[in-house]
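Work through these exercises with the model open. Each task is followed by a stepwise solution.

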Amino acid sequence: MRATSGLIRRLYGTAIFLSAFLLFSVEPMVAKLLLPALGGSSAVWLTCLSFFQVVLLVGYLYAHWLGRLPSARLAVSLHLALLALAAGVLLFGPQPDLNHAAGHPLAAIFTALTRTIGLPFLLLSSSTPLLQLWLAREERGAVTWRLFALSNAGSMLALALYPSVIELHLPLSLQRSVWAWGFVIYAVLAAAIAWRAASVSDPTVVEPTAETAQPCTLRAKLLWFLLPAGAAMQLSAVTGHLSQNIAAIPLLWILPLAAYLLTFIVAFETPRLYRRFIVVRLLVVMLASLGYMLSKIDSSQPILISISFFLLELFCACLFCHGEVYALRPARPSETTLFYLLLAAGGAAGTLFIAVFCPLLFDANYDVALAFLVTAALALVVTWPSGWPQRALWLTGTGLLLTMVIMLHVVYARRALLEERNFYGSLRVKQTNWPPQADTVRTLLHGNIEHGTQWFAEQSRRVPTTYYAMDSGIGLALQQCCDGRPRRIGVVGLGTGTLAAYGRAGDQIRFYEINPAVPPIARNLFTYIRESPAQVSFAEGDARLTLANDPPQHFDVLAIDAFSGDAIPVHLLTLEAMQIYSKQLAPNGILAFHVSNQFLDLAPEVAELAAATGMQARIFDTPSKDAVGEYRATWVLLTNNASFFARPQISAVAETISRKPNLRAWTDDRSSLLPILQWLPDK
């Protein structure tokens, strides 16, 4: 074995660590750059994750191919040329931009990311397998698997620092510049290693005792693909579930990804900690608990309980998958890049299935149940050689989970008038006959989050319910704004179209809605819009972009109602957005922000925006009234018209907003949800 100095090993380790840090710090950064054009949808995060998994696969394929070139100098020359090209793209190329993209959001995101960071990300993703192979050749020995764990440690550090340090203190433009120069530093390190690798005269020469080990079986190679696919399905399904149904904050996706990566570190750095008999028993407990959680279709658990459960479920499932795939790792260095290639292929396949194909194949969201069904089937395959007790256990578990998926489909269909799923999430219209005085009740749900309800009793069908009651902030704004004259009203976020119930003859109401599936539902399954005396119009696409392109609308009231569910569209709460709203408002017009949210205290941020733009702000918090279908609602009204807040009907219920220390108005370049996050929601 050739002796390798500690300095050279540290050079390899530094390059691998830096490449992983850059990989996982760029994911939230570029996703945040893309969010404004797609309404802040949580699907943007999953689509970006799919892109990164696919490019990771291409990067591993590139490393696999490069490692098999007969000429080391040719491989090094090609790699150096691509490193130089990637650095040029980052320093002088375009930023990700979807503002003028056409077609399906998935294609638009993939195109934008490919043009801007595709090549740098590919080279970074190839770093771990390629440098690991070059080090094994230089030492004429076996693969140093601990470098894989070092890679994941860099990834974990990036995920920890981005929301807590980078996002808080660096504007996006500076983040991009720092990241680009970080890549340049990595490219220099990789170039130094590549020149050293070129000195190996024959890349096929390895330590005989390592290369003459038994080749891996076909079964092992299939599991190299299937086990990572199961883990990636778990990651994508849990990320989607948390961001859509539990906590409406896009940063929450980092927690599942951190749990996922932690299992890689445990499996590859300290494999002695993985004990199959313990993890298998934990998976069985998770099966029963998951069945209970998924059976509560229209209810939600406290945030800490839900997050803790799903993160524990994800950790156990991924530890099983990654622990088993590590146990099947190749002993031959020549099979190393194939191992990484199939590992990445499985990760890409699992992520694409959940993020891309499930919305196309299913009308409802079965992602978590499907992911655990696949995990149970993999447990059956892996434990099959252990004998009939394990076979019987996992045959039963797989059968029960298959039954659960079928039963979920039956229950969803029985309770729903309509089910539809697309890029922006899963929609369901539920109909009940409770309470009796409502006659028939229809509710639009996005995941488990209600986006509007209508009571169909004759005396109630034109009465606004849920968050839009007569005494709510928006109700008071619409009743007090215009002294009986016709009103021009803008609404960002359609839902069931409840605010159309306020329309009078001569009024004009314009709804802005990004999800193309929502307007037909609001028009056909609810009557607020079609029975409104007002003239109602619709604008599809992201509201901010549409408002920016619309001619001046001179709205008397512009309601921003996009913060109660799915992901928070932060780009609607920035100073740049406020400038657009101001151009669309009539003189003395009113901006109404609906900030009802269990987990985010948005009112102080709206107050900062008001102060920065010279407007006055007041908060209106109204209690729930179950007997008439009204929910607790929190609205913040902003206006330049001081006399509006002096009206007796307004001043009697309006309150000033408590400012948060160290909170400042968000901009497109700098924003963070962490300062306003509430882990213990206000009751």
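**Exercise 1. A helix pair**

Which residues in α1 meet which residues in α2?

*Solution.* The model is predicted: local features need pLDDT of at least 70, side-chain atom pairs count only at pLDDT 80 or more, and totals for chains, interfaces and linings use all residues. Residues are numbered from 1 along each chain as its sequence is written, and side-chain values use heavy atoms, with hydrogens and water left out.

Step 1. Locate the helices: α1 spans residues 6-34 and α2 spans residues 43-66. Helices are DSSP runs (H or I, at least four residues), as are strands (E, at least two), numbered from the N terminus.

Step 2. List the contacts (heavy atoms within 4.5 Å). From α1 come E27, P28, V30, A31 and L34. They meet V44, W45, C48, L49 and F52 in α2.

Step 3. Sort them. The contact holds nine nonpolar residues, no polar and one charged. Here Ala, Val, Leu, Ile, Met, Phe, Trp, Tyr, Cys and Pro count as nonpolar, Asp, Glu, Lys and Arg as charged, and the others, Gly among them, as polar.

**Exercise 2. Packing geometry**

Find the angle at which α1 and α2 pack, and classify it.

*Solution.* Step 1. Read off the values: an angle of about 130°, with the axes 10 Å apart. Axes are lines fitted to C-alpha atoms, for helices over the stretch in contact; angles run from 0 to 180 degrees between N-to-C directions.

Step 2. Apply the classes: under 35 degrees is roughly parallel, over 145 roughly antiparallel, 65 to 115 roughly perpendicular, the rest oblique. α1 and α2 are therefore oblique to each other.

**Exercise 3. An open sheet**

What is the strand order, and which strands lie at the edges?

*Solution.* Step 1. The order is β1-β2-β3-β4, with antiparallel pairing. Two strands pair if DSSP finds at least two bridges between them.

Step 2. β1 (416-422) and β4 (449-455) each pair on one side only, as edge strands. Neighbouring strands are turned by 10° on average, direction ignored.

Step 3. Take β2 (residues 425-432) and β3 (residues 441-446): six bridges join them. Q431 has R442 in β3 as its bridge partner.

**Exercise 4. One loop residue**

Is R68 buried, partly exposed or exposed?

*Solution.* Step 1. R68 sits in the loop between α2 and α3 (72-92).

Step 2. Its relative accessible area is 46%, so R68 is partly exposed. Buried means under 20%, exposed over 50%, partly exposed in between (1.4 Å probe, protein chains only).

Step 3. Not counting residues up to four places away in sequence, R68 touches S334 and T337. R68 and T337 are 269 residues apart in sequence, yet 9.4 Å apart in space, C-alpha to C-alpha.
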